[in-house]
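Biologist: I would like to learn how to read charged pairs in a model. Where should I begin?

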Amino acid sequence: MKKILLGLVITSSILSSQALANVWLEREKLEQIETNLAALHTLIAEADEQSKKTGYKHKFDYKQLTDDVNKIRSGITHYLESPLEPAEIEPISDEYGEYK
């Protein structure tokens, strides 16, 4: 019985560790996305400046693009700044029968 309990505890611990690793990997990827979006502002500004030098009658809305990128960055930043909530771990019982 103790071996079964030990196995369950170890399995639970491994699964919890994997879940936590996945959370940190997700956060790392979101940080990379946020960094790339920040760099995108330079490209947007350069494209906006270049568009002003052309005589093309159709104009791209760079302000709207900048606003949308800012909204995405804001959402990612808000998510990353939110505290991680610890997983609820239910205690296991150590009583499985009565001893007489």
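Modeller: Begin with the term: a salt bridge is a side-chain nitrogen of Lys or Arg within 4 Å of a carboxyl oxygen of Asp or Glu. Side chains of opposite charge can pair when their charged atoms come close. This is a predicted model, and a search of the whole structure gives 4 salt bridges.

Biologist: Which side chain meets Arg73 in a salt bridge?

Modeller: The partner is Glu34, at 2.7 Å from N to O. Arg73 belongs to helix 2 and Glu34 to helix 1, so the pair ties together parts that are 39 residues apart in sequence.

Biologist: Is Glu34 buried or exposed?

Modeller: Buried means under 20% relative accessible area. Glu34 has 17%, so Glu34 is buried. Arg73, at 22%, counts as partly exposed.

Biologist: What does a salt bridge within one helix look like?

Modeller: Take Asp67 and Lys63, whose side chains meet at 3.0 Å, N to O. Both lie in helix 2, 4 residues apart, about one turn of the helix. Asp67 is partly exposed at 28%, while Lys63 is exposed at 59%. Elsewhere, salt bridges that share partners join Asp48, Glu49 and Lys52 into one network.

Biologist: Which residues make up the largest nonpolar core?

Modeller: The 7 residues are Leu30, Leu37, Ile44, Tyr62, Val69, Ile76 and Leu80. Helix 1 and helix 2 each supply at least two of them, and helix 2 gives the most, with 4 residues. Leaving aside neighbours within four places in sequence, Leu37 is in contact with Val69, Ile72, Arg73 and Ile76.

Technical notes. Residues are numbered from 1 along each chain as its sequence is written. This is a predicted model: local features need pLDDT of at least 70, side-chain atom pairs count only at pLDDT 80 or more; totals for chains, interfaces and linings use all residues. Side-chain values use heavy atoms; hydrogens and water are left out. A nonpolar core is a set of buried Ala, Val, Leu, Ile, Met, Phe, Trp, Tyr and Cys residues joined through side-chain atoms within 4.5 Å. Buried means under 20% relative accessible area, exposed over 50%, partly exposed in between (1.4 Å probe, protein chains only). Helices (H or I, at least four residues) and strands (E, at least two) are DSSP runs, numbered from the N terminus. Contact means heavy atoms within 4.5 Å.
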